[in-house]
Structure formats: C-alpha cells, structure tokens
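Subject: Structure handover

Hello,

Here is the structure I said I would pass on. My notes on the ligand and its surroundings follow below.

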Amino acid sequence: MKIIVGSKNPTKIKAVQEVFANGVISSLDVESHVAAQPFSDEETRKGAINRAIQCAESIRNGMGIGLEGGVMYVDNRLFLCNWGALVTQNGTIYTASGARILLPEEINQQLKSGMELGDVMDSYSKKHDVRKKEGAIGIFTNDLVSRQEMFTHVVRLLRGQWEYGK
Ligand SMILES: O=c1[nH]c(=O)c2ncn([C@@H]3O[C@H](COP(=O)(O)OP(=O)(O)OP(=O)(O)O)[C@@H](O)[C@H]3O)c2[nH]1
Ligand SMILES: [Mg+2]
C-alpha cells in the first residue's frame, strides 16, 4: 500500500511508518489551508483533511494521510488538540482526533497574540524544534507521551476505521 503523509515533520512521518509498517510511505510538504495555528477542533480537523486530500490526489493507487495539531477551548481553558485524516484512492475520508492536554495560561495569552505554539514551545522550554521532537505533549507530560506516540495513536484510529470500512 502506497501512502503519502502531508508533512515533513518527523513525528508525523514516523507515526505513519509505525502503523503501516509494510506500506510504502513517502511525505509531501502540503498546505493545510487553515491558519498556521488552528484555534478549534473544526479548523484543526479541516487542516488534516486538506492535507490528506492533496496527498491522495498526488498519487495513483495510494492513500493520503494528514495530521494537524491545534488548540481549542474547554470551559475557557486552552487545550492542545490533534486531528488526523485518511483519504482513500476513491476519495473516502476517515478522521479521528488525538489526545488533548491543558496548556498553561501564559501560552494561551501568547497564542492569542498571534504566535504559533511551535515557536512558543521552543522559548517556553528553552529547547529547539520541540514540534519535531517530544512536542508540547511531551513537555507537559514529563515525556510520558511524545508527539510521535500521540500521532501513532491517531493513525491507528484512522487505519482501524479504514479496515472496518473496507
Ligand atoms: O511544539 C509543539 N508541540 C506540539 O505538540 C504541537 N502541536 C501543535 N503544535 C503547533 O501548532 C501549530 C500547528 O501544528 P502543525 O500540525 O502544523 O505542526 P507542525 O507545524 O509542527 O508540522 P507541519 O506543519 O510541518 O506538518 C504549529 O505551530 C505547531 O508547531 C505543536 N507544537
Ligand atoms: Mg505547521
């Protein structure tokens, strides 16, 4: 099975490689066509779908997978959210959401000022390219759950729905 992942972020690519271990996985830098920092479940999910569609349309006899991180509010508290989409060669779209975790209020203020979480996380954690390594979810779970592990769970949910629907 040929699969194109709509990102060059290694946490996303490795998640798909783990779940589709026998697949032929490649990656494509595609636009999410949503804000660089999605601010709701709907916008984050749309970004994942947009990525997956572009990937599916770029390959014959293969599938596209889009993975998108974002933030959303529950009771006025800012949570990290994650969404994935799988688009089959006949255009069927499966979606699934991933783990959520509360973000510190100071990060909420910085995102509301227009910053991207990835940039905020690097300065907050005094690390480089957190978005490509443990992720915000890794930082705020004391590395118990990494961004790749979180996306792996999302991709399993996508694959499971695809297999059930076959
Ligand atoms: O450090 C982080 N740890 C995380 O756990 C996380 N989840 C989301 N984001 C940020 O939210 C925006 C959209 O996310 P995103 O899906 O576009 O991710 P990305 O930009 O890293 O990948 P990609 O666009 O190259 O595929 C980007 O600013 C991401 O950095 C995170 N940053
Ligand atoms: Mg991005």
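**Ligand 1 and its pocket**

Strand E3, helix H4 and helix H5 each give at least two residues to the shell around ligand 1; helices (H or I, at least four residues) and strands (E, at least two) are DSSP runs, numbered from the N terminus. The model is predicted, so to speak of limits: local features need pLDDT of at least 70, side-chain atom pairs count only at pLDDT 80 or more, and totals for chains, interfaces and linings use all residues. Residues are numbered from 1 along each chain as its sequence is written, chains are lettered from A and ligands numbered from 1 in the order written, and side-chain values use heavy atoms, leaving out hydrogens and water.The shell (residues with a heavy atom within 4 Å of the ligand) has 21 residues, and Ser7, Lys12, Gly69, Glu116 and Ala136 are the closest.

Three polar contacts (pairs of N or O atoms within 3.5 Å) involve oxygen atoms of ligand 1: the side chain of Arg51 at 2.9 Å, the side chain of Arg147 at 3.0 Å and the backbone of Gly118 at 3.2 Å. The protein covers 90% of the 590 Å² of accessible area (Shrake-Rupley method, 1.4 Å probe) that ligand 1 has on its own.

Ligand 1 sits in the largest pocket, meaning that more than half of its atoms lie within 2 Å of the pocket's grid points. A pocket is an open set of points on a 1 Å grid where a 1.4 Å probe fits, with protein on both sides within 12 Å along at least five of seven lines; lining residues have an atom within 4 Å of a point. The lining has 33 residues, with Lys12, Arg51, Glu116, Arg131 and Arg147 nearest the centre of the pocket.

Regards

Conventions
A polar contact is a pair of N or O atoms within 3.5 Å; within protein, one must be able to donate a hydrogen and the other to accept it, and residues adjacent in sequence count only if both atoms are side-chain atoms.
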